[in-house]
Amino acid sequence: MAEEYFAHSRRDTPPGPTWELLTDHLTRVADMAAQFADEFDSKEWGYLAGLWHDVGKFRAGFQRRIRGSREQIEHAGAGALAAQKHKAIPLAFAIAGHHAGLANQTEHGKSGIRPLRERLYGAEDALREISLVAAELLNRPLPK
């Protein structure tokens, strides 16, 4: 049986059918983001943002955390770095900020949010770690 990767869990139940599978979560969010982005003629970009927003949850450390470990695992940086490597910088900002809020590119500024440059610097190992299990998601072509 292939390993199951989860996006969300229920603290009162063990891993299983009541937990949300990561691929299902990514696809559902991508579909919703595409619908929202269609309002400004960017359906394909919205889909890609939704698809990549939690791809860092494929990390082994995140999967341990969702199963009860107390380790802190950042998950947004991997998808943001994937977007940057595809030269989709606006997506990188949106993905990196989907929990913390939009960051400045290089400076902390008044918000105190870590700049995108810092978030991406620490994401290289995460992206490398998930590249095998999430290759199909990460290698999607950019919309035209």
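## A mostly helical chain and its core

Let's start in the middle of things: helix α4 has 10 residues and 8 of them are buried, so the rest of the structure largely encloses α4. Buried here means under 20% relative accessible area, exposed means over 50%, and partly exposed is in between, using a 1.4 Å probe and protein chains only. The buried residues of α4 are Ala 76, Gly 77, Ala 78, Gly 79, Ala 80, Leu 81, Ala 82 and Ala 83.

A quick word on where this comes from. This is a predicted model, where local features need pLDDT of at least 70 and side-chain atom pairs count only at pLDDT 80 or more, while totals for chains, interfaces and linings use all residues. Residues are numbered from 1 along each chain as its sequence is written, and side-chain values use heavy atoms, with hydrogens and water left out.

Now zoom out. The chain has 8 helices and 2 strands, in the order β-β-α-α-α-α-α-α-α-α along the sequence. Helices (H or I, at least four residues) and strands (E, at least two) are DSSP runs, numbered from the N terminus. Of the chain's 144 residues, 42% count as buried.

Which residues have the most contacts inside the largest nonpolar core? They are Val 55, Phe 58 and Leu 91, in a core of 28 residues. A nonpolar core is a set of buried Ala, Val, Leu, Ile, Met, Phe, Trp, Tyr and Cys residues joined through side-chain atoms within 4.5 Å. At least two residues of this core come from each of α1, α2, α4, α5, α7 and α8, and α4 gives the most, with 5 residues. Leaving aside neighbours within four places in sequence, Val 55 is in contact (heavy atoms within 4.5 Å) with Leu 26, Ala 78, Gly 79, Ile 130, Ala 134, Leu 137 and Leu 138. Another core, of 5 residues, lies apart from the largest one, and Phe 6, Trp 19, Ile 66 and Ile 73 are among its residues.

Back to α4 and its partner α5. They pack at an angle of about 175 degrees, with their axes 7 Å apart. Axes are lines fitted to C-alpha atoms, for helices over the stretch in contact, and angles run from 0 to 180 degrees between N-to-C directions. The two helices are therefore roughly antiparallel, a label for angles over 145 degrees (under 35 is roughly parallel, 65 to 115 roughly perpendicular, the rest oblique). On the α4 side, the contact is made by Ala 76, Gly 79, Ala 80, Ala 83 and Gln 84, and on the α5 side by Ile 89, Leu 91, Ala 92, Ile 95 and Ala 96.

Helix α1 is worth a look too. Its buried residues are Leu 22, His 25, Leu 26, Ala 30, Ala 33, Ala 34 and Ala 37. Seen down the axis of α1, they fall within an arc of 160 degrees, so they line one face of the helix. That arc is taken from the directions from the helix axis to the C-beta atoms. What covers them includes β1, β2, α2 and α8.

Finally, two loop residues have a positive phi although neither is a glycine. Most residues other than glycine have a negative phi. Here is the pair:

| Residue | Phi | Loop | Relative accessible area |
|---|---|---|---|
| Asp 41 | about 55 degrees | between α1 and α2 | 70%, exposed |
| Lys 87 | about 65 degrees | between α4 and α5 | 71%, exposed |
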